[in-house]
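This report describes a protein model, beginning with its ligand and then moving outward to individual residues and helices. Please keep the structure in view while reading.

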Amino acid sequence: YLAKEARSGVEFYVPDKDRNSPERLSLQGDLRRAIDRGELELHYQPKVTLADRSVDGVEALLRWWHPVRGPVSPSEFIPLAEQSYLMRELTQYVIGMAMEQAAQWWHQGMQVPVSVNVSARDLLDNGLAEQIEAALARLRLPARALRLEVTERVLMTDQAYAADTIRELAALGVQLALDDFGTGYSSLVRLQRLPVSEVKIDASFVRRLTESPDDERIVRSTIELVRSLGLRSVAEGVESAEIADRLRDLNCDVGQGWWLGEPMAPADATAWLRERLRTDPPITAVEAPAGA
Ligand code: C2E
Ligand code: MG
Ligand code: MG
Ligand code: MG
């Protein structure tokens with residue numbers, strides 16, 4: 001048993017640790033070219049208010065279709081980018097693209113916040129808040145049109161905590177979400193002191209919510225904690241109606257997952273939003289007779 005575990009550990013970790021393996025270097029080179037050629041796309045996944053199923057917003061998720069390898073998961077290439085000079089550029093590219101999309105929707109009356117994932121280094125990048133401020137002005141977007149998601153692991157380090165960027169973003173009015181909550185080691189004191197408005201409970205706890213009493217306990221107490229701090233709770237990994245209903249009963253504010261809406265290419269996301277945000281018929285169209 002131990003040998004097997006050790007072996008699988010080795011298989012998993014060695015390629016990752018070798019920063020200069022030909023495999024990694026070639027993928028990094030390809031990513032560099034993909035950015036230059038605009039081969040990366042953002043897909044948008046709905047975030048849905050659980051109480052009434054209204055649209056809360058969308059999360060932008062990066063998609064890369066490699067010419068030879070086919071689709072490469074962001075969980076694979078984001079860490080590669082993070083360990084190189086590419087991350088900064090990638091984030092600027094993603095924020096630019098997401099904000100252009102937000103502006104298109106916003107100015108067509110589809111006014112939902114777009115959430116963008118950023119990583120550790122981005123928060124130490126002094127230019128980030130300035131880039132966002134300038135883009136908001138250029139695109140005539142209010143700060144509430146953009147939200148940033150940072151993983152718990154990242155945000156809980158002293159370095160990130162101390163970063164001016166977080167305070168500058170908060171001053172602009174750009175909301176911050178703590179992503180993948182439950183996978184790191186948060187201190188409650190820190191959670192309370194950070195300018196975070198949303199906590200996203202990691203899918204690994206949510207997926208088995210209705211089957212595992214342990215996971216249910218974790219999710220339930222997290223929702224209560226988040227609520228007691230006056231923050232919004234968002235559950236990731238909502239894969240069934242049962243999970244959505246249970247989360248709603250546990251007073252979770254917002255859900256995200258395949259059952260509520262998959263990540264969609266821009267055109268599909270636009271159609272989805274248009275359909276979901278379609279208002280009730282204008283009052284002039286149908287007037288109920290008085291006294292009816
Ligand atoms: P994340 O921010 O926690 O995003 C949620 C992930 O859960 C996405 O994976 C999404 O496709 C997936 N997901 C959606 N619905 C379900 C569901 O019902 N069940 C399960 N099990 N998963 C679901 P994806 O797109 O593969 O992205 C993985 C991670 O890569 C993201 O996790 C985020 O940390 C990172 N990432 C993605 N796009 C970007 C980006 O533009 N910039 C940065 N820095 N990171 C990104
Ligand atoms: Mg996220
Ligand atoms: Mg997450
Ligand atoms: Mg994640």
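How many Å separate an oxygen atom of ligand 1 from an N or O atom in the side chain of Glu59? The distance is 3.0 Å. This value, like every other in the report, was computed from a predicted model.

## The protein as a whole

The protein has 292 residues, of which 46% count as buried. Its secondary structure consists of 14 helices and nine strands. Among contacts between residues at least 6 apart in sequence, 69% join residues at least 24 apart. The protein exposes about 15,500 Å², and 52% of that area is supplied by carbon and sulfur atoms.

## The surroundings of ligand 1

Ligand 1 is surrounded by 21 residues. The closest of them are Arg63, Asn117, Asp179, Glu239 and Trp258. The table lists polar side chains together with the ligand atom that each one approaches.

| Side chain | Atom of ligand 1 | Distance |
|---|---|---|
| Glu59 | oxygen | 3.0 Å |
| Asn117 | oxygen | 2.9 Å |
| Glu239 | nitrogen | 2.6 Å |

On its own, ligand 1 has 800 Å² of accessible area, and the protein covers 84% of it.

## Three buried polar residues

The next residues to consider are Glu149, Gln45 and Ser240.

Glu149 lies in strand β5. Because its relative accessible area is 1%, and buried means under 20%, Glu149 is classed as buried. Its side chain is joined to that of Lys200 by a polar contact of 2.8 Å. Setting aside neighbours within four places in sequence, the residues in contact with Glu149 include Lys47, Ser115, Val116, Ala177 and Glu198. Glu59 and Asn117 also touch Glu149, and both of these appear in the table above, Glu59 with an oxygen atom of the ligand and Asn117 likewise with an oxygen atom. Asp179 is another contact of Glu149, and Asp179 is also listed among the closest residues to ligand 1.

Gln45 is found in strand β1, which runs over residues 40-49. With a relative accessible area of 8%, Gln45 is buried as well. Which side chain does Gln45 join through a polar contact of 2.9 Å? The partner is Gln256. In addition, a polar atom of the Gln45 side chain lies 3.0 Å from the backbone oxygen of Gly261. When residues up to four places away in sequence are not counted, the residues that Gln45 touches include Gly57, Val58, Glu59, Leu61, Trp258 and Pro263.

Ser240 lies in the loop between β8 (232-235) and α13 (241-249). Is Ser240 buried or exposed? At 16% relative accessibility, Ser240 counts as buried. A polar atom of its side chain lies 3.1 Å from the backbone nitrogen of Ile243. Ser240 and Asn20 are 220 residues apart along the chain, and their C-alpha atoms are separated by 42 Å.

## Two helices with a buried side

Helix α6 covers residues 127-139 and contains 13 residues. From its first C-alpha to its last it reaches 18 Å, close to the 18 Å expected at 1.5 Å a residue. Its buried residues include Leu128, Ala129, Ile132, Ala135, Leu136 and Leu139. These residues are on the same side of α6 because they cover an arc of only 130 degrees around the axis. On the other side of the helix, Glu130, Ala137 and Arg138 are exposed. The cover over the buried residues of α6 includes α4 (86-107), α5 (120-124), β5 (146-151) and α9 (164-172). Strand β5 is thus a part of this cover, and it is also the strand in which Glu149 lies. Just after α6, Arg140 takes a positive phi of about 55 degrees.

Helix α14 comprises the 12 residues 266-277. At 1.5 Å a residue it should span 16 Å, and its end C-alpha atoms are 16 Å apart, which agrees. Which residues of α14 are buried? They are Ala269, Thr270, Trp272 and Leu273. Their directions cover an arc of only 165 degrees around the axis, so they are on the same side of α14. The buried residues of α14 pack against β1, β2 (55-66) and α4. Strand β1 is where Gln45 is found, and α4 is also part of what covers the buried residues of α6.

Terms used: Residues numbered from 1 in each chain as written. Chains lettered and ligands numbered in written order. Predicted model: local features only at pLDDT ≥ 70, side-chain atom pairs only at ≥ 80, totals over all residues. Heavy atoms only, no water. Helix = DSSP H or I, 4+ residues; strand = E, 2+ residues; numbered from the N terminus. Expected span 1.5 Å × (residues − 1). Buried < 20%, exposed > 50% of the residue type's maximum accessible area, 1.4 Å probe, protein only. Arc of directions from axis to C-beta. Contact = heavy atoms within 4.5 Å. Near = heavy atom within 4 Å. Polar contact = N/O pair within 3.5 Å; in protein donor to acceptor, adjacent residues only side chain to side chain. Areas by Shrake-Rupley, 256 points an atom, 1.4 Å probe, with all protein chains shown as cover.
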